[in-house]
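Thanks for coming. I have one structure to go through today, so please look at the screen.

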Amino acid sequence: MRRADRLFQIIQFIRRHRVTTAAALAEALEVSERTVYRDIRDLVHSGVPIEGEAGVGYMLRKGFDLPPLMFTATEIEALVLGTRVVQSWADPELAKAAASALDRIASSLPDVLRTRLVESRLYAPGFHVAPDVMDRLQHLREAVDARRKTWVAYKDADDIATERIVRPLALSFFGYTWMVTAWCELRTDFRSFRLDRVAEVRVLDQRFEDEPGKRIEDYFKLIGAEDTESWR
């Protein structure tokens with residue numbers, strides 16, 4: 001078990017018991033009592049209100065609860081990687097928001113976990129992303145949020161150019177490109193468009209409402225992806 005995860009588990013264990021001893025913690029976490037003493041000391045120095053002493057027992061000060069931004073080391077790595085993917089592969093507005101969110105998380109973490117965040121070696125280089133794709137992504141993301149019809153100029157895999165009025169329903173990242181899933185008014189059916197093949201985007205003033213058969217949920221059912229978690 002990583003040390004940051006162990007610190008998290010110590011807090012959880014003490015929360016579940018009115019008073020607990022270093023011996024009980026050591027047995028539960030499969031470490032030595034000496035390790036527990038050191039971890040308790042570091043948690044106290046990080047601001048966790050643990051009361052007690054070696055040989056007697058430990059308890060959390062009454063009224064204390066884990067802050068909402070307490071994470072395990074693995075969760076922190078997931079957050080860092082996710083943030084760096086967004087910074088590299090999403091539009092500038094989302095990238096800025098991701099960086100800001102990570103800064104706020106870092107400021108709320110104990111020192112031990114904050115170090116884990118800062119020193120993470122997980123990266124997501126985005127040098128293959130064309131700036132014009134990011135620009136289209138931002139416009140389409142705004143169209144999805146506002147439920148506004150959108151005009152797109154598109155070239156398919158055979159380099160055939162078409163113009164469509166679509167209802168943007170969702171944006172998906174497939175590791176090499178972004179795609180917008182939409183209801184195409186020209187084809188009266190669902191279509192997915194690769195953003196690197198979209199030549200131009202114009203978000204229109206006309207809004208659209210959810211209609212049975214034209215929603216993203218209907219698309220998932222159509223393709224047999226009722227478990228939408230696989231798309232998130």
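At 4% relative accessibility, threonine 20 counts as buried. Keep in mind that this is a predicted model. Threonine 20 sits in a loop, with helix H1 (3-16) on one side in sequence and helix H2 (22-29) on the other. What does threonine 20 touch, not counting residues up to four places away in sequence? The contacts are Phe13, Ile14, Leu25, Gly57 and Tyr58.

Next, a pair of helices. The axes of H5, residues 92-108, and H7, residues 131-146, come within 8 Å and cross at roughly 80 degrees. An angle from 65 to 115 degrees counts as roughly perpendicular, so that is the term for H5 and H7. Which residues make the contact? From H5 there are Pro92, Glu93 and Leu94, and from H7 there are Met134, Gln138, Arg141 and Glu142. By class, the residues of this contact are 3 nonpolar, 1 polar and 3 charged.

Staying with H7, there is a salt bridge between arginine 136 and aspartate 132, with 3.5 Å between the closest N and O atoms. The two residues are 4 apart in helix H7, which means about one helical turn separates them. Is arginine 136 buried or exposed? Arginine 136 is buried, at 8% relative accessible area, whereas aspartate 132 is partly exposed, at 40%.

Now the strands. Strand S3, residues 148-155, pairs with S4 in the antiparallel sense, over 6 bridges. Within that pairing, valine 152 has arginine 164 in S4 as its bridge partner. S3 and S4 form a hairpin with 5 residues between them, and in the turn aspartate 159 has a positive phi of about 65 degrees.

S4 also runs antiparallel to S5, and 7 bridges join these two strands. Here arginine 167 has tryptophan 183 in S5 as its bridge partner. The hairpin of S4 and S5 has 4 residues between the strands, and glycine 175 takes a positive phi near 90 degrees.

Arginine 167 comes up again in the salt bridges. Its partner is glutamate 185, and the closest N and O atoms are 3.5 Å apart. Where do the two residues lie? Glutamate 185 is in the loop between strand S5 (178-184) and strand S6 (189-194), while arginine 167 is in strand S4 (residues 161-173). They are 18 residues apart, and the pair links distant parts of the chain. Glutamate 185 is partly exposed, with a relative accessible area of 30%. Arginine 167 is buried, with a value of 7%. Both belong to a network of salt bridges that links Lys149, Arg167, Glu185, Glu211 and Lys214.

One more pair to look at. Aspartate 218 and arginine 215 meet through their side chains in a salt bridge, 3.0 Å from N to O. Aspartate 218 has a relative accessible area of 15% and is buried. Arginine 215 counts as partly exposed, at 28% relative accessibility.

How many salt bridges does the count come to? The count is 16.

To go back over the main points: threonine 20 is buried in the loop between H1 and H2, and H5 and H7 are roughly perpendicular to each other. S4 pairs antiparallel with S3 and with S5. Arginine 167 in S4 forms a salt bridge with glutamate 185 in the loop between S5 and S6.

How values were computed
Residues are numbered from 1 along each chain as its sequence is written. This is a predicted model: local features need pLDDT of at least 70, side-chain atom pairs count only at pLDDT 80 or more; totals for chains, interfaces and linings use all residues. Side-chain values use heavy atoms; hydrogens and water are left out. Axes are lines fitted to C-alpha atoms, for helices over the stretch in contact, and angles run from 0 to 180 degrees between N-to-C directions. Angles under 35 degrees count as roughly parallel, over 145 as roughly antiparallel, 65 to 115 as roughly perpendicular and the rest as oblique. Contact means heavy atoms within 4.5 Å. Ala, Val, Leu, Ile, Met, Phe, Trp, Tyr, Cys and Pro count as nonpolar, Asp, Glu, Lys and Arg as charged, and the others, Gly among them, as polar. A salt bridge is a side-chain nitrogen of Lys or Arg within 4 Å of a carboxyl oxygen of Asp or Glu. Buried means under 20% relative accessible area, exposed over 50%, partly exposed in between (1.4 Å probe, protein chains only). Two strands pair if DSSP finds at least two bridges between them.
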